[in-house]
Amino acid sequence: LVALSLMLFSACGKKHQGVQSSALNAVDNSLEPATEVPDETVKPANVEESLETKINNTTYDTYVNDRFGFSCTYPSFMKKVQESDNGDGCEFTYQKISFKVWGAYNALNYGVRQALSAYAANASYKLVKPGYFIASGLEDNGNIYYEKYYLKGDVWYSAYLSYPPSVEKVVTPLLTNLFPSFPKIVKTDEN
């Protein structure tokens, strides 16, 4: 029935623009090459599905911070943004997702609970463990954030993941892959 309809349209001399069917071109080779015509009813590819595929199939690369002597893994699909000028950390991005890691001297001599109060006062979720805290909440722009501050000696090692609420379920595997092992302390010339 479809082939018959195509032959009828072809036989009637109708010009078919925007049709990308090899079957139609096979019926009448005199047709102009198919051109793509935007269809307003077609929605863009599902960003969440694409992100889910990337996360489920990702490998992890390693970032090493020489200044503070730590390393961490980050998803290979994320773009590594240039390390900060002072060498304290780096940011990795993909679409509206951001993963930041950095080190900082504990100049204010905060303990874990003091740092939690100072750095994550408005967090909706807080967890304190020996030597570190984890906090989560909403940023001013509505994105969800998840952060970990780890204190070793006189240095805070910090990781911060930010993402839109629309991809929360999809991003969960990143939390379980990035945060439990953060940071990995490595020996460098500077520490």
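This is a short tour of a predicted model, moving from the whole chain to its strands and then to its aromatic rings.

Start with the whole protein chain, coloured by secondary structure: five helices and 10 strands are present. Of the 191 residues, 37% are buried. The accessible surface is about 11900 Å², and carbon and sulfur atoms account for 51% of that area.

Next, select residues 89-94 and 97-105, which are strands β4 and β5. The two are antiparallel and share six bridges. Look for Cys-90, which stands opposite Val-101 in β5. Two residues separate the strands of this hairpin, and Gln-95 in the turn has a positive phi of about 50°.

Keep β5 and add residues 155-163, strand β9; this pairing is also antiparallel, with eight bridges. Here Gly-103 stands opposite Tyr-157 in β9.

Now show the aromatic side chains, which form 18 pairs. Select Tyr-119 and Tyr-149: their rings are stacked, 5.3 Å centre to centre with 15° between the planes. Tyr-119 belongs to helix α4 and Tyr-149 to strand β8, so the pair ties together parts 30 residues apart in sequence. Tyr-119 is partly exposed, at 38% relative accessible area, whereas Tyr-149 is buried, at 8%.

Move along β8 to Tyr-146 and find Phe-179 in the loop between α5 and β10. Their ring centres are 4.7 Å apart and the planes meet at 70°, so this pair is edge-to-face. Both residues are buried. Tyr-146 and Phe-179 are also members of a cluster linked by ring pairs, including Tyr-63, Phe-92 and Tyr-157.

Finish at Lys-148, which lies over the face of Tyr-132, 4.7 Å from the ring centre.

Methods: Residues numbered from 1 in each chain as written. Predicted model: local features only at pLDDT ≥ 70, side-chain atom pairs only at ≥ 80, totals over all residues. Heavy atoms only, no water. Helix = DSSP H or I, 4+ residues; strand = E, 2+ residues; numbered from the N terminus. Buried < 20%, exposed > 50% of the residue type's maximum accessible area, 1.4 Å probe, protein only. Areas by Shrake-Rupley, 256 points an atom, 1.4 Å probe, with all protein chains shown as cover. Pairing = 2+ DSSP bridges. Phe/Tyr/Trp six-rings, centres within 6.5 Å; stacked < 30°, edge-to-face > 60°. Lys NZ or Arg CZ within 6 Å of the ring centre and 35° of its normal.
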